[in-house]
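Subject: A structure for you to look at

Hi there,

Here is the structure I promised to pass on. Please open it first, and then read my notes below with it on screen.

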Amino acid sequence: SSCRLVGTRPQRHSRMRLPAPPKLDNAVAAPLLALLLTAAAPPLLLSPSPALAAASASPTSTELSRLSAGLARVDYLLRDWDRLTTVCNGVQDATEAKQVARTIGDQKCSKSPLIVQRYIGASSTLDPLFKADKLMIRAASLVAPEQQEEYSSAVDVYIREQQMSSTMAYTSSWSGSENPNGSVEQIEENLLEAKKEVLETQAAL
């Protein structure tokens, strides 16, 4: 059976209502705009270094668009989960080649769990969700004061679920027969656990 690395999961998570620029589509922007402050953030009392000022500045509309783009990629991953996480007669990288392959007719197929990491910001710096937690923390300045606690909790949920998605995908990739008690079935079982975590990540966004 798979080994869970976290404690008891809360029963339900509220979806993270992330701040978004006014130019977003109405269907997306409507629930988000309520969290935006109507006034600009107050200036800093001390002049920070340029690097610190850039790191703490509220994100731009272009930066915020990474979150909706990242969610779209997560949606795509979950919609086409089986196809995207299965490689047949394809060239795999060195890590994926170590996974157990199964033969279906004349096709040599294997589960490729690490593909999951490519869609949740845990693999490439080009992924929209790469280090999205830092972007979300910076965006807190755009959230209304009365929504700050709710927003902070939602960010925490996202961080936890995104990390668990990545961890379970990695665990699945090393659950094959090359390890003690490993098997194709163990790969698939842990990959299913990874999918559950990705679903929670999607819900948090």
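A good place to start is helix H3, where the buried residues are Leu64, Leu67, Gly70, Leu71, Val74, Leu77 and Leu78. Buried here means under 20% relative accessible area, exposed means over 50%, and partly exposed lies in between, using a 1.4 Å probe and protein chains only. Helices (H or I, at least four residues) and strands (E, at least two) are DSSP runs, numbered from the N terminus. Looking down the axis of H3, you will find its buried residues within an arc of 120 degrees, so they line one face of the helix; the arc is taken from the directions from the helix axis to the C-beta atoms. The face turned away from that buried side carries the exposed residues Thr62 and Arg79. H4, H5, H6 and H8 are among what covers the buried residues of H3, by contacts, meaning heavy atoms within 4.5 Å.

Before going further, a word on the source: this is a predicted model, in which local features need pLDDT of at least 70 and side-chain atom pairs count only at pLDDT 80 or more, while totals for chains, interfaces and linings use all residues. Residues are numbered from 1 along each chain as its sequence is written, and side-chain values use heavy atoms, with hydrogens and water left out.

Next, the core. The largest nonpolar core has 33 residues, and Val116, Met136 and Val198 have the most contacts inside it. Such a core is a set of buried Ala, Val, Leu, Ile, Met, Phe, Trp, Tyr and Cys residues joined through side-chain atoms within 4.5 Å. Elements giving two or more residues to this core include H3 (61-79) and H8 (184-204), and H7 gives the most, with seven residues.

Leu84 sits in helix H4 and is buried, with a relative accessible area of 11%. Setting aside neighbours within four places in sequence, Leu84 touches Tyr76, Leu77, Ile115 and Tyr119.

Finally, which cysteines form a disulfide? They are Cys88 and Cys109, with sulfur atoms 1.9 Å apart, inside the limit of 2.5 Å for a pair of cysteine sulfur atoms. The pair links distant parts of the chain, 21 residues apart: Cys88 is in strand S1 (residues 86-88) and Cys109 in strand S3 (residues 107-111). Cys88 is partly exposed, at 33% relative accessible area, whereas Cys109 is buried, at 4%.

Enjoy exploring!

Best wishes
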